[in-house]
Structure formats: C-alpha cells, structure tokens
Amino acid sequence: MTHVPPPFDPELSAALDLIKDVISPGLTPDEIEEVRQGPGIQMLADLDLTMDGFFEVEDRSVPGPEGTPEISLLICRPASPAPTGVGRPVIYHVHGGGMVIGNNRVGIDAPLAWAKELDAVVVSVEYRLAPEHPHPAPVEDVYAGLVWTSEHAEEIGGDAERIVIAGASAGGGLSAALALLTRDRNGPRPVGQLLMCPMLDDRNDSPSTYQMAGLGVWDRTANETGWTALLGELRGGPDVPAYAAPARAEDLSGLPPAFLDVGSAETFRDEVVSYASRIWLAGGVAELHVWPGGFHGFDGFAPQAALSQAARAAHLAWLRRLLDR
C-alpha cells in the first residue's frame, strides 16, 4: 500500500511554512522537557483571561483523586450577574499537549470565546503529565475535577445539569475517556462532549498515521512518544484500558452527544472517523466533521484561515444547539 498524503489546504500550508522551524512534527522523548520550557508555554502566563473584563478569573485548588495531591482548576465566569435563579452552562475544558506537555491555560482561548457568546462558565483542569505520572493519573485527575465542578456548580454560578466536557488533541482523548469513566461510575452526567482532533488510539497503526509521517505538527513519532509516556510497555498491546485509549472501548453506548472533528491531513483522521462511526453503531448521537486539508490543531495555529473560521463556527453552532435544547 502506498501512503501518499492528502494535500494541505493552501492557507494552512502557508501557516505551516511559517512555524516549521519552531514546531517539529516528530517529538521524541528527550525533547519533552525542552518543549515544556519553551516560549509557547511561557507566553500563556501573560494571557488576558478576563477577555477585557468580561470574566472573573480564579485559580482554585480542589481535592484530587484519593491519596494524591490537590489539582488546580482555572475558573472563568462572567462578571455580570446571571439571570435570577438561573445557573449558567459550564464548559469543562481539558487541555491538549500529547499527554506530556501543557497546563490548564493551553487552548483556553477557544472555550473562553464560546463562553462569551453563550454566557457560560469555563472550568479548565490541570492534570498530572506523563511520563512522570502515567495512566491512570491524568484521567483520574480530570475525573476528580469534573466531580468537584458538578458538586460546586452553583457556587461558581453554573448549572450542574448543563456541563459540557471539551478538549483538543490529548484533551479531546481525555474528554472521551472521561465520558466513558463517568458513565461507568455513575458519576456526573455531561450533556455533551466536544472532541476536537482527539487523541484516541495508542496503536498508532492507521493509514493516516503512515500517510502523515514527518508532516504537520504531530506525526507517528510524536504519537508514539506521547502514548509510550502514558502507557509504557503496554502501548499497542492487548491490555490497554479504554480509560487510557478510548478507541479500545468495546461499548460506546450510553454516552452524551458528541461532536468530533479532525483534519483530512493529520495523523488522527482515521481513528476519529472510526470512533464517530462506532458511536452511531452503538445507537448514539455524534456529529463528525473532517476538514479538507486540515493539519492537526490547524484552527489554533492559523485562526484567521477560512477553514479555521469554519471549524470554530461549527464548534459554537453545535454548542448553541446542544444548550438550547
């Protein structure tokens, strides 16, 4: 089988040319620490999370999983009073970073933009990173944060019955795992899951992983680095749990409605399409977008591109329909 890659969208290809000297597609284990300390992560500390005063911002330490340290939640809620007696929707955000990089400010611009449009509260969770903290530490932290958010929704101006879980890349994979975990534990019931280019399958063996080797911003080498950090010797073998790699789940029934999107020119394309198809096969609700010529995380790297604008509009439109029900 040949693995000719699909073309990048012309606008996005130009953006890739601009960042190719800063971001390599093939992250290796010995580069993790360097990327963690890189300027991209450091710049997050300077973000205006208030969106010119629209949000009140708080960092809150809350209990982590039993016997572990507290976790940090970034809470951004509209500064204006809510309608009397009405809790706002809550967007529970899980950051990306390949399971090995990032903090609860990574990717926060998108949830804040949605929340400003929808008059919602954003809660972004900090989770322990691999390889120092392999599975199940990340997903258990994410679950503990969701439990706290649900139990304290009224306190932060939110509605526990209208929590949407959302994330991109590793955050999308952890959000999908969170939906499975909270279903199986009879935990909080999110009303939806917004999975943007989610990282779902540790096996790293789909046609799209081979097509996009060495291209874009996250290829097979980087994917192996992230999954091996999370799972160690289990990666790719028969004993990987679904709460680590949601593509391993045998039962995708009983999940909240899902929005999934992915670029046609990225490593995760085939696993995302398969996951959506399996939700439908299980009788579930899913909306799937495959953006032609999109590379991994394109709307964050090139937000002004026409394809990025279409993707961001689709995210917001889905959330609006979900929350207006």
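Which residue follows helix 8, and is its phi positive or negative? Glycine 232 comes right after helix 8, with a positive phi near 60°.

This is a predicted model, where local features need pLDDT of at least 70, side-chain atom pairs count only at pLDDT 80 or more, and totals for chains, interfaces and linings use all residues. Residues are numbered from 1 along each chain as its sequence is written, and side-chain values use heavy atoms, leaving out hydrogens and water.

**View 1. The open sheet.** Here 8 strands line up in the order 1-2-4-3-5-6-7-8, with mixed pairing. Strand 1 (55-62) and strand 8 (286-291) sit at the edges, each pairing on one side only. From one strand to the next, the twist averages 15° (axes are lines fitted to C-alpha atoms, and angles run from 0 to 180 degrees between N-to-C directions). Strands are DSSP runs of E, at least two residues, and helices are runs of H or I, at least four, numbered from the N terminus; two strands pair if DSSP finds at least two bridges between them.

**View 2. Strands 6 and 7.** Strand 6 (residues 192-196) and strand 7 (residues 258-263) run parallel, joined by 4 bridges. Look for methionine 196, which stands opposite aspartate 261 in strand 7.

**View 3. Helix 8 and its cover.** The buried residues of helix 8 include Trp227, Leu230 and Leu231 (buried means under 20% relative accessible area, with a 1.4 Å probe and protein chains only). Among the elements covering the buried residues are helix 2 (32-36) and helix 5 (137-151).

**View 4. The start of helix 8.** A side-chain oxygen of aspartate 219 comes to within 3.1 Å of the backbone nitrogen of threonine 221.

How values were computed:
Buried means under 20% relative accessible area, exposed over 50%, partly exposed in between (1.4 Å probe, protein chains only). Contact means heavy atoms within 4.5 Å. A polar contact is a pair of N or O atoms within 3.5 Å; within protein, one must be able to donate a hydrogen and the other to accept it, and residues adjacent in sequence count only if both atoms are side-chain atoms.
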